[in-house]
Amino acid sequence: MNNNGNSAIENKIVYSAFEKGFYPFFNALPQDVPVGWMIPFLFIIEDIQFLIYIISPFIYPKLRDYFIKVFIIFNPDIDNSLYFYIFITFLSIFILYMYFMMFSHFKSNGRKSMSKKSLWIYNSLYNIFFKYLLSYVYCFYARSIYLCNFADSIKGIPKCKTPFSYIIIGISVVEFIFITAYSLIYSNFNFNTNCLSHSMYCGTMHKANCNAVLFVKLILAVLINLVTYILDDHNVNTHSILIISEIILFLSFFYLFTVQLKYQPYYSIQVNNYRFGTYFTLSIFSLYNLIIIITNINTFQIVCDISPFLIPILFIVGYNYNNYYNKKIVQRIYKKLYEKKLVSNLHKSTSINELKFNPKRLKNNNIYNSLERITKEVYIKKEIKVYNNVFECEIACRFLRKNRTIEAYLLAKELLNEGISQFNNDANVYLIAWYYLFSMKKFYKENNLLQKYDPELFNGDQILISVMEHKLDFRKKYLIHKALNHLEIEKRENSTNVTTSDIEKSIKMEELKLNAVKIHVQGLQEIKELFHKLKSSTNSKDIVLYSSNISQISKIQKLGNSHYANLLRIIPEANDVIKVYLMFLKDILNDDELVIKYTNMIQKKDENYPIKGSKSNDIDNTIQKTKSISSSNSFGSMPFSEFSTSSGLGKELKKKIHTRNSMIRNFVSPIKNLQFRIMSFVFIFILFYAIQVLCILVIFNYSQKKAENLNLNINIPGAIKESTFSVRMLSYDLMLNDYSTYWQHFFSLKGTLVYMDLVNFGLINEIMGDIKTESSLVIPVGEYAFDSYEQGTLADSYKRYISNLKYCANREMLKENETVFDILYEPHFKYFILNSKSNFDSVFDSSKEILSNSILSAFNILRIIVIIIAIILICINFFMAYITFVPLKRATNKIMHSSFRMFRHFSKSDFEQIITEYDEKIETLCETFEIDENFNNTKSKRKTKSYTKIKVIFTFIIIIIYVLFLLVPVINISNQTRDIIALIQKSIDICIILFRYLNKKI
């Protein structure tokens, strides 16, 4: 359709130099990350970063470790100087690159352009780091400003008030400002104006929500990662800091969810529901945090355990509420529109004059026939407003994304017209209306439906002219500029009857053809150079010099074949491409079967559909020249006519194919066998590596369980000393009837006894039930009987100890008829008196070594296994190199020697003839496709050497280093575990020495 209104639109807007420079740059940028399915995942990652503000150990001191690990996954704790310097360097380089690209476009007034690949990389990196990971980046910079205060705990970070610390602070502040400034500019262009795009579920025409999120990310990052630390250093109460932080968090997220609720900015209702649910959850949970902090119940374990589970509940509530609210908006708009239309029709049908002077006409209009309508209808004096705000105009039209019939379009147009009449002073409603009309027009045009309807039905020129009369900001000017560009493209398409996509596709095809032909020419030049070397060769050892040419020809064969195959996939009916590809198959690839296949194909096409045009004739002439210069000694030795369907396979072709198959059997088959060997050794290598990893996991799991038991039982020697001391003190209190210290010793004994009985007793029975003690314990019998000595298992000794301990703890004060001897010679108390000096130490001290020895022995076994498997892996590596790569080198050398020996029968005149033929082929192709013959001279002058052998050796060295490096963490952890266990045992020994010292004092 030719829209006549396009030429009538005059751009009345005056653009500033800034706008002229930046509009083309942002026009060229993609709307978002290039892969659409990534956006929902990036949305989730973006929102997860907010969790560190509402769930943290500062708010919930007793929060479980697994909750902390989940919620602080994107918490940029800077505890390593290497990470800090690498990350800040990367961000600095990218920010410089970002501003360099912007200002280079600005300086050239939009004439400078980037390639699509560069735009893809640039825009993807920006969106990932400075949009979806912006909270992380902001927190990183906020912490960088205050990082020098942690210089004592982080090695490599400069201390405060040093020149280097000022440099880091300055870089952080400047880059913080630069990121914010660019993000504010970018948010003006971060929208999708194709309102009917099915793929853009996360698309939006609005920027308000983006700016709101941007400022909230900025405020919260500075508040939590900078301001709170400064307040803490100035001795502000931690409780007050938490309350202030939660108030700001609540207000920030409350602002976000009200903005989201009001604007519903995304085209997809599901995305709007998700966004509102997220902000609603964060806001209400911040309010909940504020309440529990004020009431001081955030330290309760049950509160810490239950609170994280409120998050999914609040999210579900918010999601469903937004869904309900969105439906209510649409229902209210349609209801108001219906009421307004009804009242408007009533006003048209009944005027004041009719009511005064013509009551009979009222009867003719059947007004008296509807009593129910007369009794219920109310005369509305106030004008009915359909929309509460301008953004509801766009929300009401989103049904067009699913229903694109002409009836749906007319309804949407009526809704937009209503919005324009209600908000006639707001430029946003005009822009929304124009882009919806244009999107529908584009859809109808792409689906060949536009010609069925009146062109004026889709004409939005008057809307665009009207919006130019309003006061316009930076973003609105850009939207108008973009709209005028759409109209200009549409005008050109209508004048040439060729779509933009077709033009772009044609240019792309020409570029692909030119690249394929250049590779073709490069291959011919390499073959010609190879024949030059063969001609001048006098020694068989010169074959080494040909390897670079052979390698280059092999690469060109693969690359050229891939280019031509890709072209034929895109345009399979292109005879010109097939003809050039045929020359490539004959001259470079030397594939006779494919030559026959495409020769037959092109002959059939030429008979049925003869191609006309200068380019086609040039290609045909090129093929004719190639036929005429074919030589029996060249790579394309068979004449072109011999491959036709009428001639069949001649004797020469059969002989050639037979020779090639024989060479494959003799030379290629051994290489395939070597390839099988390599794969077998790789499988064995992976198998042993998997065994090594499995052993590490099993032993680490075993050691973890033992370490947990050790953590529970490490107290036994100290607890034995403490409880024995308490029993002795308790016995003195009982004998002296001294109540002043009795309860102190009683409760001390009870506390130790509970832990030893409930925790230690079960573990000792389970782990040390069969371990014999190294010495004996005295077992008192009575006052006049001889005491006995008993040596049993550690579990039995501990059981007897606990039993006696319980009796002593439950012993009452002396009665009137009892004396001190009833305590002194009582077997249970006497048991502690006789064994407290050294027997308990010699029996129970071994308990601290049993578990630690088992952990150490497990790590010793792991060390032996890892070293043995590492040796096996290195041996496999060397063995694989010896029995596969060495024979492979011999086989390839043999193939190369055997191949080049065939040329010893060639005379110099034969070589010269072949070289001349290739010169003519190169010249013919270059003339046909207007390529400079010397385009490849710069590359050929600086030939790259083949570093295959060095690469293979280097690969094996890397594998060996990797295997050896795997030993380092295992040995390191083993040594650290040994040191930690030794430190624990020393701590226990010190504790025991202190108790011995106290016992001596007593």
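Colleague: Is Trp434 buried or exposed, and what is its relative accessible area?

Modeller: In this predicted model, a residue counts as buried when its relative accessible area is under 20%; Trp434 has a relative accessible area of 3%, so Trp434 is buried. Tyr435 is likewise assigned as buried, because its relative accessibility is 1%.

Colleague: How many aromatic pairs does a search of the whole structure find?

Modeller: The search, run over the whole structure, returns 47 aromatic pairs. One of these is formed by Phe87 and Tyr136, whose ring centres lie 5.9 Å apart with 80° between the planes, an edge-to-face arrangement. This pair links distant parts of the chain, since Phe87 belongs to helix H5 (residues 81–107) and Tyr136 to helix H7 (residues 134–145), with their positions 49 residues apart. Both Phe87 and Tyr136 are buried.

Colleague: Why is the pair of Trp434 and Tyr435 edge-to-face?

Modeller: Planes over 60 degrees apart count as edge-to-face; the planes of Trp434 and Tyr435 stand at 85°, with the ring centres 5.0 Å apart, and therefore the pair is edge-to-face.

Colleague: Which residues form one aromatic cluster with Phe87 and Tyr136?

Modeller: The cluster holds Phe87 and Tyr136 together with Tyr83, Phe84, Tyr85, Tyr138, Phe140, Tyr141, Phe164 and Phe176.

Colleague: Which residue lies over the face of Phe43, and which over the face of Phe443?

Modeller: For a charge over a ring, one reads the distance to the ring centre, with a cut-off of 6 Å, alongside the angle to the ring normal. Arg275 lies over the face of Phe43, at 4.1 Å from the ring centre, while Arg404 takes up such a position over Phe443, at 4.6 Å from the ring centre.

Methods. Residues numbered from 1 in each chain as written. Predicted model: local features only at pLDDT ≥ 70, side-chain atom pairs only at ≥ 80, totals over all residues. Heavy atoms only, no water. Phe/Tyr/Trp six-rings, centres within 6.5 Å; stacked < 30°, edge-to-face > 60°. Helix = DSSP H or I, 4+ residues; strand = E, 2+ residues; numbered from the N terminus. Buried < 20%, exposed > 50% of the residue type's maximum accessible area, 1.4 Å probe, protein only. Lys NZ or Arg CZ within 6 Å of the ring centre and 35° of its normal.
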